[in-house]
Amino acid sequence: MDNLVNTNYTWNELTSACNKCTRCALCRDRTNVVIGRGNPSADVMFVGEGPGKQEDLQGEPFVGAAGQLLNSALTALRFSQDSYYITNIVKCRPENNREPVAEEIGACIEWLRIQTRLVQPKVVVCLGNVALKTLIDKDMSISKERGNWYVKKGILFTSTYHPAALLRRSELKQDFWQDLEAVKAKMETLYE
Ligand code: SF4
């Protein structure tokens, strides 16, 4: 296993290193490493859980059904395409879309730290429990904490449901929409 991560990577160096990464067992079955998409210096960074089947095949995050739902909501709320960057906690697909385990998250989190240093977002939006527990507090749950705000190292953090949860439970859509509206409103206060 390659344990060496240079935290001073540029985007090109990060992309190259990530694409060769074998730091955890998820490297074995991947088609592509799914690093991120969007504006690399955006003020908002969305962080999901891990790539699904379509993401693994296409090498881009949030391009399957859940991604389309998220994109529709962001477009409806007038988040321009270049106003956000989107990535995941783990960059390779866990089989059968299971949640990544602690060992995989621990191995992959350094890539997200480097991405965060490079993007320098003002706001990070955790999409779902895995991102919430990894980035805000391991003892929190999304149903209780969604929509709340925290400051860590000068960055505002909030959370909402993962859009994949909305595909299974449409009754969550209203809360999801409200949370994204709150993100949009928060961004506007930052520019005042
Ligand atoms: S999930 Fe992350 S740590 Fe594991 S192999 Fe992929 S890029 Fe490396």
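These legends go with close-up views of a predicted model.

**View 1. The largest nonpolar core and its best-connected members.** This core has 46 residues, and the ones touching the most other members are Met 45, Phe 46, Val 47, Tyr 84, Ile 89, Cys 126 and Ala 131. Helix H4 (residues 102-119) supplies the largest share of the core, seven residues.

**View 2. A closer look at Cys 126 and what it touches.** Leaving aside residues up to four places away in sequence, Cys 126 touches Val 47, Ala 131, Leu 132, Leu 135, Ile 136, Phe 157 and Ser 159. Two of the names here, Val 47 and Ala 131, also turn up with Cys 126 among the core members that touch the most others.

**View 3. The shell around the ligand.** The ligand has 15 residues around it, and Cys 21, Cys 24, Cys 27, Cys 92 and Cys 108 come nearest. If you sort the shell by residue type, you get eleven nonpolar, one polar and three charged. H4 gives the most to this shell, with four residues.

**View 4. Helix H8 and its two sides.** H8 covers residues 173-190. With 18 residues, H8 reaches 26 Å from its first C-alpha to its last, close to the 26 Å expected at 1.5 Å a residue. Phe 176, Asp 179, Leu 180 and Val 183 are the buried residues in H8. Looking down the axis of H8, these buried residues fall within an arc of 95°, so they line one face of the helix. They pack against strand S2 (44-48), helix H3 (65-76), strand S4 (123-127), strand S6 (155-160) and helix H7 (163-168). Over on the other side of H8 sit the exposed residues Gln 174, Ala 185, Glu 188 and Thr 189.

**View 5. Glu 188, an exposed residue of H8.** Glu 188 has 9 other C-beta atoms within 10 Å, so it counts as exposed, the cut-off being 12 or fewer. Pick out Asn 6 as well: Glu 188 and Asn 6 are 182 residues apart in sequence, and their C-alpha atoms are 35 Å apart in space.

**View 6. Phe 62, a loop residue with a positive phi.** Phe 62 isn't a glycine, yet its phi is positive, about 55°. You'll find Phe 62 in the loop between helix H2 (53-58) and H3. Phe 62 counts as buried because it has 28 C-beta neighbours inside 10 Å.

**View 7. Asn 96, a loop residue with a positive phi.** Asn 96 lies in the loop between strand S3 (84-88) and H4. Its phi is about 55°, although Asn 96 is not a glycine. Asn 96 is exposed, since 7 other C-beta atoms lie within 10 Å.

Definitions and conventions
Residues numbered from 1 in each chain as written. Predicted model: local features only at pLDDT ≥ 70, side-chain atom pairs only at ≥ 80, totals over all residues. Core = buried A, V, L, I, M, F, W, Y, C linked by C-beta atoms within 7 Å. Buried ≥ 20, exposed ≤ 12 C-beta atoms within 10 Å, placed from the backbone. Contact = placed C-beta atoms within 7 Å. Near = placed C-beta within 6 Å. Nonpolar A, V, L, I, M, F, W, Y, C, P; charged D, E, K, R; others polar. Expected span 1.5 Å × (residues − 1). Arc of directions from axis to C-beta.
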